[in-house]
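I opened a new structure today and kept notes as I went. Here is what I looked up.

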Amino acid sequence: MQKNGKEILMNTLNGLSTGIIVALVPGALLNNLIKALLPKFPNLAIILTMTSLAAMMLPVASAACVGMIGKLSPIQTASLALAAVCGAGNFHFTKQGFNAAGSGDVINIAVTIMIGYLLIELLGTKFKAYTVLLLPTLVLIVAGGLGILTLKPVQQITTFIGMIIAHLTNLQPILTGALMGIAFALLIVSPISSVGIATAVGIHGIAAGSANLGITAASFALAIYGWKANSIGTSLAHFLGSPKMQMANLMTRPRLLLPIIINAAIMGGVGAIFKIGGTPTSAGFGFSGLIGPLAALNSWQSNSIGQIIEVIILFCVLPILLGFASNYLFNNRLNYFSAQDFALNYE
């Protein structure tokens, strides 16, 4: 059955989100640790090469995930991956051949994949026995070619957005920090990838730190709100994994987002006050994998015991206290929600 535009969009966003996490998490978790160990263990440099290769393969991983989510055939999925590589912009052709660096422009990867996906759906099974010959060629030339054409304008738009965010962070850091906290708390419980947006726009510094703290606030709050209705493992998965597991509950009851927004704004603003930093590849993860806390520590030139305690308080103690405080106010006092509103069943 042919998919409609909404299904293509959602499958692309969800697949892109998964591909970004798969490709970038190894580097986010290991790179800083390996760099610190390199002076004594130089052979570990191979791990940095491996994580760099993983990041370069982001367009391929994303297209593969889109194909699996959309239940495309192996030929269709592989064709989509080839087009995504063309639109990514991280492979540069030279007289000697080509070189590759970075993970590419995430937004243009999404645009290229959606064009290819739409083309695949329109063509369907029309080629029959000639599918293996014609489909890869058409998807590569049409979707990949359009991806190459859209790359520069998309990069200019994303660079401009990144510059605006950086300017606002310097101009009004606390206000911008609060807004970044809210924005990424909402993104993490939506179908849109918080990591994808952070990577695409290239947010860094205080904006990235506030984004992570906003997600952290949402993660701990949601775990606390639904603690009585969910198992221990499910509750822990909100911050050890991702609070995106609450997406269905929150999208069907948007009013439940109010306490999340308040907590995220507070944590984002506090992060700006304490100058908590991050990188484009760390922003959007929050507490998951300790990527947010580690990025905050690495944003300082050196780490003292006081700074480590500061990160623990901001990424663990304060979000938990806010979660319990807002649960008491909105649940116990105002009866605004109940634990059952956040119930999850994976049986």
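My entries below cover cores, single residues and one helix pair.

**Entry 1: the model.** I noted at the start that this is a predicted model.

**Entry 2: the largest nonpolar core.** Which residues touch the most other members of the largest nonpolar core? I found I20, L80, I113 and V139, in a core of 33 residues. Next I looked up the elements that give two or more residues to this core. They are α1 (5–37), α3 (58–69), α4, α5 (106–123), α6 (131–171) and α8 (194–201). Helix α5 gives the most, with eight residues.

I then took V139 from that list of four. Leaving out residues up to four places away in sequence, V139 touches S79, L80 and A83. V139 also touches G116, L119, I120 and G144. L80 is thus on both lists: it is a contact of V139 and one of the four core residues with the most touches.

**Entry 3: another core.** I found another core lying apart from the largest one. This one has 28 residues, including A221, F330, F337 and F342.

**Entry 4: T77.** I placed T77 in helix α4, residues 74–88. Is T77 buried or exposed? I read a relative accessibility of 13% for T77, so it counts as buried, the cut-off being under 20%. Setting aside residues up to four places away in sequence, I listed A63, A64, G67 and L72 as what T77 touches.

**Entry 5: T18.** I placed T18 in helix α1. T18 has 36% relative accessibility, so I logged it as partly exposed. I also checked T18 against V66, which is 48 residues away along the chain. Their C-alpha atoms are separated by 8.6 Å.

**Entry 6: α9 and α14.** At what angle do helix α9 and helix α14 pack? I got about 45 degrees for α9 (residues 205–225) and α14 (residues 305–333), with the axes 8 Å apart. That angle is why I call α9 oblique to α14. The crossing of α9 past α14 is right-handed.

I wrote down who meets whom. From α9 come N212, L213, T216, A217, F220, A221, I224 and Y225. From α14 come L314, F315, C316, P319, I320, G323, F324, S326 and N327. Sorted by class, this contact has 12 nonpolar residues, five polar ones and no charged ones.

One link back: A221 of α9 meets α14, and A221 is also among the residues of the 28-residue core.

Definitions and conventions: Residues numbered from 1 in each chain as written. Predicted model: local features only at pLDDT ≥ 70, side-chain atom pairs only at ≥ 80, totals over all residues. Heavy atoms only, no water. Axes fitted to C-alpha atoms, helices over the stretch in contact; angles between N-to-C directions. Helix = DSSP H or I, 4+ residues; strand = E, 2+ residues; numbered from the N terminus. Parallel < 35°, antiparallel > 145°, perpendicular 65-115°, else oblique. Left-handed = near helix turned anticlockwise from the far one by under 90°. Contact = heavy atoms within 4.5 Å. Nonpolar A, V, L, I, M, F, W, Y, C, P; charged D, E, K, R; others polar. Buried < 20%, exposed > 50% of the residue type's maximum accessible area, 1.4 Å probe, protein only. Core = buried A, V, L, I, M, F, W, Y, C linked by side-chain atoms within 4.5 Å.
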